[in-house]
Amino acid sequence: KKLIIINGPNLNLLGKREPQIYGSLTFNEFFETITSKYPSISMEHFQSNIEGEIIDKLHEVGFTYDGIILNAAAYTHTSVGIGDAVAAIETPVIEVHISNTYKREDFRHQSFVAAHAKGVIVGFGLQSYELAIQSFIPF
Ligand code: DQA
């Protein structure tokens with residue numbers, strides 16, 4: 001299986017960004033652990049702070065990869081364009097969030113991605129990504 005994790009704005013600062021909300025592990029540390037834990041899965045990671053680059057990446061991988069794990073971060077709540085891109089592609093997209101966005105400000109309760117996603121995993125810390133990966137492994 002070929003999966004890609006796409007991370008949106010500010011997630012390059014994981015580990016030092018509001019650690020009380022997002023934890024103190026960097027994404028690269030987490031990614032190393034997760035890739036060695038699931039050796040049968042080919043896993044890539046892409047991060048961008050730029051909306052159009054996230055859309056371009058969804059187009060690039062969205063007709064050939066087996067799955068996309070998307071944390072669009074703040075763009076989740078603002079971007080009709082990213083929502084439309086998820087609707088346009090064929091590869092199933094799992095929306096993930098590290099924090100429980102429903103416990104936070106009202107503006108984080110809205111997602112332009114969720115209606116087009118295969119499923120949504122919210123609030124399990126970095127484990128949200130792992131649960132998304134496991135959803136591609138048949139039991
Ligand atoms: C986030 C939640 C978003 O509301 C926020 O803008 C983020 C991270 C999360 O993973 O918890 O940047 O997507």
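I began with the UniProt record, an unreviewed entry, which places the feature "active site" at Tyr22 and His97; such annotations may be inferred rather than shown by experiment, feature names are shortened, and positions follow the numbering used here. These residues span 76 residues in sequence, yet no two of their C-alpha atoms are more than 9.8 Å apart, so they gather at one spot.

I noted that this is a predicted model, in which local features need pLDDT of at least 70, side-chain atom pairs count only at pLDDT 80 or more, and totals for chains, interfaces and linings use all residues. Residues are numbered from 1 along each chain as its sequence is written.

I then asked whether each residue is buried or exposed. A residue is buried if 20 or more other C-beta atoms, placed from the backbone, lie within 10 Å of its own, exposed if 12 or fewer, and partly exposed in between. Tyr22 has 19 such atoms and is partly exposed, whereas His97 has 22 and counts as buried.

I located Tyr22 in helix H1 (residues 19-22) and His97 in strand E4 (residues 93-97); helices (H or I, at least four residues) and strands (E, at least two) are DSSP runs, numbered from the N terminus.

I looked up the ligand and found it surrounded by ten residues, among them Asn10, Asn71, His97, Ile98, Ser99 and Arg108, each with its C-beta atom, placed from the backbone, within 6 Å of the ligand.

I last traced the open sheet, whose five strands run in the order E2-E1-E3-E4-E5 with parallel pairing; two strands pair if DSSP finds at least two bridges between them.
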